[in-house]
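User: Hi! Could you walk me through this protein with me asking and you reasoning?

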Amino acid sequence: MNLSSAQGTRPPSVSEESAVRARIASLEKRFGSRTDLANPLRDTALLDADERAELLPAAERMLAEYRLNAEFVPTALGGRFVQVDTLARVLRTVFRRDGALGLGYGASSFLAAVAVWAAGTPRQQQWTADLLMGGGRLAVAYHELAHGNDFVRNEFRADRHEDGYLLNGRKEVINNAERAEALVLFTRTSPEPGSRSHSVLLVDKELLPPNGLTYLPAYPSVGMRGCQLGGLDFTDCPVPGDALVGGEGDGVELALRSFQLTRSAVPSMLLGGADSALRTVVGFALDRQLHSRPVLDIPHARSTLAGAFLDLLICDSLALAATRAVHVLPAESSVLAAVVKYLVPKMLGETTYDLSTVLGASFYVRDGRYGMFQKHVRDLPVISLGHAGTAACQATIIPQLPRLARRSWLRDEPAPAALFRPCEGLPPVDFQRLALAGPRDSLAASLVAHADALTARTDLGAYRPALTTLAASLVAELHRLKDACGRLSPKDRTALASPHAYALADRYALVLAGAACLGVWLHHTVPAGGPGQAFLGDPGWLAGALHRIARRLGLDTPERPDGCEARVVEEVLARHRDARSYDLYDTPLAD
């Protein structure tokens, strides 16, 4: 169903952007100070709840009073959801404090609801909206441990029975399996093989007979410990026929359309946790003395902090392009969303490892001033798991590479500027325009145009030689990828792809990250905001970001211009001092 009212981009609206900032500021204020012992939502309280493997009850009550669920409900149904990038931006506030709270209280309901917004009947959509707006929860159930990410092989069945279905089978490792009032179930509705054998059901648990559903014991986890990962065991459990979402046999297509939102939105939310990890280490580097000097004076520590901030900007640039592509380039968002879900958690994991070397032995502390760091380190990898894990994302990317190499790269028109501009208004999502495999790759095509535009700039100063060389190196890498992907064998375009094909997918993801950074910098506008908004127009961060991407690709890299690292460190320290976020938005924080 199309929940949008218009197509194309909308001009930036000061009032809309102000409303988003006000919502984020209100949420920050409700969370309060991280260190104030009188604050029931302080970091140590969240850490204590994590030790108990539960979500902090006071935090859940606060989010309910804030009506966080309204962020997941389209405005047409009474909520606040219009843009995927805005949703992720608001949820970063929660993930910045506690990833388990962000996923367990909030994002899990969004993961489930997307399927209803995409294909539900008006009645199903309104019922789901009412449930969420009333503070209820949805759980999405794809997983069966026997088949992992290969959910097309799932054995959970919904067999036709009278005017409805009988459910039989198990679903495992489901977030909020017991706490949710309703379930979105991915289930087999035909014994035949193939993609038309599965469907999606929206199940109101209140209507189930007591002997039809048994809850399985919880699955303990190392990260996101507060999330209630449980299981469901159905035995001849009847559900009505109107539980079907979309048509019978539409399950795989509906899941793949839904993933185009969730695969980009959730990693974007996760940047909030990486922000806090960096903030914790900056505080340590400022406060801890080594040989009567702050750790910050150590060149390795300064370089690590600068690199971590650049990694966050790289990830945010790529996530921004993907979350906005759902609105701006819906026919192309399939591969881009998969790239974000693959690359962003991977990069953030590497970044937090680097940061841990600055903390030294303090990395192992589980409480106190620096205890939140190890919690974020444990939480970050969990987001790579689930129904859209790393392997599933690579399986989405690889088959599309040969076609995109032949038909799009170095040929198509570049992506519109709206793809790269945070804070600019967009129309609501039109799910009918989402394609399972896109015919074009405008972000990759943008790389050539961006490199040319960079060469034409006259305001690069000392950064010009490095920036033009780095941009040209990325364009040359895209040429090499085009040749290599065009030679992939038919077998390498399937789930049995060789390591070489997976390596190409990794390199492709990094090239797209570079294209996204160039796009954000070139199309940067300066809205009314903090000093960090002007920082996005500084060529120093772009030079540093492209340098890190080129090194990950193993390309020959020029020397970074003098002052590049110092400029980035200056911004890192300024944002720590002024309590502003380490992302593209430069958001004021509570502390």
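User: Let's begin with charge. How far apart are the mean positions of the positive and negative charges of the protein?

Analyst: Happy to help, and please keep in mind that this is a predicted model. The protein carries 63 positive and 65 negative charges. Averaging the places of each group gives two points, and their separation is 3 Å.

User: How many helices and how many strands does the protein have, and what is its radius of gyration?

Analyst: There are 18 helices and ten strands in the protein. For 591 residues the globule rule gives 25 Å, and the value here is close to that, so the protein is as compact as a globular protein of that length. Its radius of gyration is 23 Å.

User: What share of the contacts with a separation of 6 or more comes from residues 24 or more positions apart?

Analyst: As background, 60% of the 591 residues count as buried. Among contacts with a separation of 6 or more, the share from residues 24 or more positions apart is 78%.

User: How many disulfides does a search of the whole structure find, and why does C393 form no bond with the closest cysteine sulfur?

Analyst: A disulfide needs two cysteine sulfur atoms within 2.5 Å. For C393 the closest cysteine sulfur is in C315, 14 Å away, which is too far for a bond. C517 is in no disulfide either, as its nearest cysteine sulfur, also that of C315, lies 8.8 Å away. Searching the whole structure, the number of disulfides is zero.

User: Is C517 buried or exposed?

Analyst: The cut-off for buried is under 20% relative accessible area. C517 has a relative accessible area of 0%, so C517 is buried.

Methods. Residues numbered from 1 in each chain as written. Predicted model: local features only at pLDDT ≥ 70, side-chain atom pairs only at ≥ 80, totals over all residues. Heavy atoms only, no water. Helix = DSSP H or I, 4+ residues; strand = E, 2+ residues; numbered from the N terminus. Rg over C-alpha atoms; globule rule 2.2 N^0.38 Å. Buried < 20%, exposed > 50% of the residue type's maximum accessible area, 1.4 Å probe, protein only. Contact = heavy atoms within 4.5 Å. Lys, Arg positive; Asp, Glu negative; His and termini not counted. Charge placed at Lys NZ, Arg CZ, Asp CG, Glu CD.
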